[in-house]
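Here's a quick briefing to read alongside the model. Have the structure open and follow along.

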Amino acid sequence: MKKLSTKLASLLLISALGTTTLPLSVLHAEPAIKQALTQDMEQAVQELAKLRVMTGYQDGSMKIHNVLTRAELAKMVVLAFGLQGKANQGATFTDVYSKAWHYKYAAEVAARDIMQTKDGRFEANGTLTDAELVQIVAKALNRDVKSVEKWAQPFYSERSNATRGEAAYLLNIARQASKAEVGQPVEEQVNQENQKGVKDMEKLNGDLLAAVKQGNQVLVVKILKDGANIDTTDERGRTSAMIAVHTNQLDLFKLLVKQGANIDIRENNKDNPLLFAGAEGKLDFVKAAIAAGADTTITNRFGGTALIPAADRGHVEVVRELLTNSDVKVNHVNNLGWTALLEAVILGDGGKHHQAIVNLLIEHGADVNLADNDGVTPLQHAKSRGYQEMIDALERAGGK
C-alpha cells in the first residue's frame, strides 16, 4: 500500500496514542488525496501523450494503474528528455531482438548507464520499484536522488511496484523542472525528435502497403522487420491483409497472418477479410481467415455476418465452410431484418445453388419460421416466388 501523506499519518498516530476521535474530514482525507493524485497522474499522462512520450493501449486507454515495465520506462525517459544519440554506438543484449520496438530505447539508456543490465539482459518486461524509478530519473537528469524523491513524494513507497501513472507524474515534473533550470526549449526538442520518428514511420508504413500491392513478399518481410506497422491502412482504410485479399494474394495473406496481422479490422466500407471474401465467394481466403481465428460476429455495413451475403449470392461452398468450420451464428438477423435463410430465398434465384444453401442452412439449425420485419416467413417468400424445391425443403423442416 502506498505511503499516506505526512499530515494524515500524523493524525492517525495521534489517534492511536489515545487522543479524541478524529473528525470525519480526516477520515475522508485518504480517498480525497488518492483522487487528487489520480487526477494529477491523468493530467501528466495527457501532457506526455501530446509529446508522444507516452502511448496508450489498442483500446485507447492509458491504464495508469498498470505496473510499469522496464521497456516502457526506457522509452519514456529517452523521449521525455530528448536523449537520442548514444545508441548509435550499438548495444548487445541477450534478450532483446534488434528489431524489437523497445531496442533503441533500451540501447540508449544502457549506453548512458541510466538503466543497468545484468549479464547482457535488459529484462524488458521486468518491473521496477518506486525507488528504482526515482534512481533512473535522477541518473537521466544527473541530479541527486533525494531531490527527485521529493518530486515523487505524493506516491512514493520504496518497495512498491511503480505504475505507468506514477512514471508519467514524475517524468512530467522532472521535464518541467529541467526546462526551468536549464532554460532549454525541451518541448521543442522532444517534438522535433518525435516528429522525425513519426515521419520515418509513415514512410515505412507507406512502403509496406506498396510492397503488398506489388506482391513482393521478401520486401514485405524486410519492411516489417524494420518496424513498419503491419496494421497500417491506406486511403480506403485497407490494411495490408485486406489489400492481399482484394488483390487475390493468398500466400501473402497467410504470410501477413503469421506476422501478426489483425484480420478483424474493417476498412472504410465496413468490410474485413472474412466479410469481403465471404461475399465475393473467395473460398480459400475464407478458409484461411477461419483458420486464423477471424471473429465471425463482426458485421458489414448492412449488419450482416459473412454468412448472409454468401447465402444470398449463391456461394455454396463458402456457406458450407462457414457452417461447418466456424462458430458463425446461423440465425443472425441483419439491419434489414433478414437472416441468411431469408436472404437465400428473397435475393436468390431459386436455382440449384440457392436450393443447396437453403438445405445447408436447415441442416445447421436455421429457424425456418423466423420471419422478416413484416412478419413474412421464408416459406411464404418462397411460395410468392414459386420456388417449389425451396417450398418442399422448408415444409419438410416444419416451415409455416
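Helices α14 and α16 are roughly parallel to each other, because angles under 35 degrees get that label (over 145 is roughly antiparallel, 65 to 115 roughly perpendicular and the rest oblique). Their axes cross at roughly 15° and come within 9 Å. This is a predicted model, where local features need pLDDT of at least 70, side-chain atom pairs count only at pLDDT 80 or more, and totals for chains, interfaces and linings use all residues. Numbering starts from 1 along each chain as its sequence is written, and side-chain values use heavy atoms, leaving out hydrogens and water.

**The α14/α16 pair**
- α14 covers residues 283-291 and α16 covers residues 316-325; helices here are DSSP runs (H or I, at least four residues; strands are E, at least two), numbered from the N terminus.
- The axes are lines fitted to C-alpha atoms over the stretch in contact, with angles from 0 to 180 degrees between N-to-C directions.
- The crossing is right-handed, meaning the near helix is turned clockwise from the far one by less than a right angle (anticlockwise would be left-handed).
- From α14 come Leu283, Val286, Lys287 and Ile290, and from α16 Glu317, Val318, Glu321, Leu322 and Asn325; contact means heavy atoms within 4.5 Å.
- Sorted by type, the contact residues are 5 nonpolar, 1 polar and 3 charged (nonpolar: Ala, Val, Leu, Ile, Met, Phe, Trp, Tyr, Cys and Pro; charged: Asp, Glu, Lys and Arg; polar: the others, Gly among them).

**Whole chain**
- There are 20 helices and 0 strands in the chain.
- Of its 400 residues, 46% are buried (under 20% relative accessible area; exposed is over 50%, partly exposed in between; 1.4 Å probe, protein chains only).
- Among contacts between residues at least 6 apart in sequence, 68% join residues at least 24 apart.

**Around α5**
- In α5 (residues 103-111), the buried residues are Tyr103, Tyr105, Ala106, Ala107, Glu108 and Val109.
- Those buried residues pack against α4 (70-80).

**Positive phi**
- Most residues other than glycine have a negative phi.
- Arginine 52 goes the other way, with a positive phi of about 60°, and lies in the loop between α3 (29-50) and α4.
- At 36% relative accessibility, arginine 52 counts as partly exposed.
- Asparagine 248 also has a positive phi, near 60°, and its place is the loop between α11 (240-246) and α12 (250-258).
- Aspartate 113, just after α5, takes a positive phi of about 60°.

**Threonine 377**
- Threonine 377 lies in the loop between α18 (352-363) and α19 (378-385).
- It counts as buried, because its relative accessibility is 10%.
- Beyond its neighbours within four places in sequence, threonine 377 is in contact with Leu342, Asn369, Ala371 and Lys400.
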